[in-house]
Amino acid sequence: MILVTGGTGYVGAQVVLQLLAHGQTVVIFDNLCNSSRASLERIARLGGRRARFVLGDVRNRAQLDALFADFPIAAVIHCAGLKAVGESVREPLRYYDSNVGGSIALCQAMAAAGVFTLIFSSSATVYGDCATMPIDETCATGLPTNPYGFSKLMAENVMISLAASDARWSVGLLRYFNPIGAHESGELGEAPAQVPNNLLPYLLQVASGRRDVLQVFGNDYATPDGTGVRDYVHVMDLAEGHWRALQALLGGSGVRVWNLGTGRGYSVLEVVDAFTRTCGVPIALTFEPRRTGDVAQCWADPGKARRELGWQARRSLDDMLRDAWRWECRLAAEHRPIVYTTETSPTIPVAAAQAASGYAAV
Ligand code: NAD
Ligand code: UFG
């Protein structure tokens with residue numbers, strides 16, 4: 001049985017589906033601070049089987065000890081954590097407590113239970129502002145620009161020290177680039193409880209009419225069109241990476257690091273244009289000053305994951321946007337009655353005229 005902390009969240013739920021598809025039994029441990037039990041139903045529908053669920057907090061050693069006593073857990077995929085960069089600046093202690101304290105408590109409980117295989121949801125943010133692209137795993141981890149980034153780097157270092165101290169540990173640090181998209185059925189995706197921080201969830205809410213305008217943070221970067229460039233990776237591809245990493249780690253020893261990205265960067269405007277072309281919805285946008293802490297560009301060299309795990313992102317940016325839009329339409333319909341026009345229907349192919357209209361700069 002595999003334990004997935006944060007398994008009702010955006011990434012964790014897709015990881016659970018992957019594990020179920022490979023015949024694993026899964027127990028999810030989540031405090032539901034940024035997700036809900038609805039994920040469990042969606043996972044059961046898509047996976048054809050249920051994952052077990054335990055409501056709990058990774059900072060709570062007693063709850064973790066009970067979890068390891070109750071289930072025959074062979075390995076852990078640790079996705080639980082807080083991830084909003086701006087919030088981490090306002091509430092740093094909460095971020096260090098959850099992301100570092102929670103990781104320490106989890107590792108303690110694992111050691112006490114004799115479970116030593118661990119995959120950690122890390123982030124490309126640990127590289128800081130890298131001078132050269134693409135970023136491979138030998139690039140120095142930089143100075144993160146916010147407490148969230150520090151908390152990820154600190155948690156990585158906890159695990160690195162631990163594995164150096166005891167050869168029974170086999171740890172995989174998966175440095176995600178920018179996960180977007182949803183399950184290809186459109187039935188499972190990200191459901192931000194707050195105003196979204198990230199580009200795609202915000203763009204989707206503009207497209208579905210839940211927000212008025214997309215603010216583009218900076219159009220004066222040294223990038224081809226002046227807007228920030230990122231390596232967007234389909235969340236289903238990302239989830240497959242976890243399965244491959246788990247296979248590589250079982251029975252192994254030490255710490256291994258893998259970038260999970262596509263190796264290709266897209267600018268904000270390229271994403272907006274691709275969305276309008278693929279989904280047929282123009283996006284109103286404004287250009288705003290740069291967002292504090294943003295880097296101009298960030299994309300992966302995913303070669304190590306390809307060589308060592310046989311993993312490669314297969315889905316295109318258009319796939320990511322189409323799947324995300326399908327999910328957003330489902331969410332929007334759940335929140336309020338919505339009448340789809342030809343322009344906004346996710347099922348109707350994009351008319352050439354609509355595609356030609358591009359985004360609407362306001
Ligand atoms: P998410 O918020 O959708 O999922 C995180 C889950 O963890 C939620 O279900 C939440 O309820 C749970 N959780 C939070 N604190 C907890 C605690 N103390 N105890 C138990 N459960 C707790 O986020 P996500 O996008 O699925 O991210 C998953 C992981 O991947 C996070 O650790 C995040 O930092 C990391 N990551 C995400 C991205 C991204 O862009 N989505 C990028 C890089 C890394
Ligand atoms: N952007 C906008 N408008 C928005 C939101 C974002 O223009 O409303 C721009 C940003 O300025 C940036 C790009 O879109 O140029 C991507 O921004 P995101 O917030 O979507 O993603 P980030 O690269 O800033 O950060 C994300 C996660 C981090 C993670 C990092 C690397 O939020 O947790 O990817 O994996 F660490």
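**Two ligand sites and a domain contact**

In this predicted model, an oxygen atom of ligand 1 sits 2.9 Å from a backbone N or O atom of Tyr-10; a polar contact here is a pair of N or O atoms within 3.5 Å, and within protein one atom must be able to donate a hydrogen and the other to accept it, with residues adjacent in sequence counting only if both atoms are side-chain atoms. Two further pairs involve oxygen atoms of ligand 1: a polar backbone atom of Cys-79 at 3.1 Å, and an N or O atom in the side chain of Lys-83 at 2.8 Å. On its own, ligand 1 has 820 Å² of accessible area, and the protein covers 95% of it (Shrake-Rupley method, 1.4 Å probe; for residues, only the protein chains shown count as cover).

Residues are numbered from 1 along each chain as its sequence is written, while chains are lettered from A and ligands numbered from 1 in the order in which they are written. Local features need pLDDT of at least 70 and side-chain atom pairs pLDDT 80 or more, whereas totals for chains, interfaces and linings use all residues; side-chain values use heavy atoms, with hydrogens and water left out.

Around ligand 1 there are 27 residues, of which Val-11, Asp-30, Asn-34, Ser-35 and Tyr-148 come nearest (a residue is near if one of its heavy atoms lies within 4 Å). Two or more residues of this shell come from each of α1 (10-21), β5 (117-123) and α6 (147-165), and β5 gives the most, with three. Helices (H or I, at least four residues) and strands (E, at least two) are DSSP runs numbered from the N terminus. The shell around ligand 1 has twelve polar, ten nonpolar and five charged residues; Ala, Val, Leu, Ile, Met, Phe, Trp, Tyr, Cys and Pro count as nonpolar, Asp, Glu, Lys and Arg as charged, and the others, Gly among them, as polar.

Turning to ligand 2, its surroundings comprise 20 residues, with Ser-123, Phe-177, Asn-198, Arg-230 and Asp-294 coming nearest. A polar side-chain atom of Arg-230 is 2.6 Å from an oxygen atom of ligand 2. Oxygen atoms of ligand 2 also pair with a polar backbone atom of Tyr-176 at 3.0 Å and with a side-chain N or O atom of Ser-123 at 3.4 Å. The protein buries 90% of the 690 Å² that ligand 2 exposes when taken alone. Strand β8 (residues 214-217) supplies the largest share of this shell, four residues. By class, ten residues around ligand 2 are nonpolar, seven polar and three charged.

The domain assignment, which is automatic or from a database, gives domain 1 (2-181 + 231-260) and domain 2 (199-229 + 264-300 + 315-357). Ligand 2 lies between these two domains because both give residues to its shell. The domain centres, taken over C-alpha atoms, are 27 Å apart, and the contact (heavy atoms within 4.5 Å) takes 19 residues from domain 1 and 22 residues from domain 2. Between them the domains bury about 1,800 Å², 60% of it on carbon and sulfur atoms; buried area is the accessible area (1.4 Å probe) that two parts lose on being put together, summed over both. Met-133, Asp-231 and Tyr-232 lose the most area on the domain 1 side, together 36% of what that side buries.

Met-133 also takes part in a backbone feature: its peptide bond to Pro-134 is cis, with omega near -5°. Pro-134 lies in the loop between β5 and α6. Leu-32, in the loop between β2 (26-30) and α2 (38-47), has a positive phi of about 60° although it is not a glycine. Most residues other than glycine have a negative phi, and most peptide bonds are trans.
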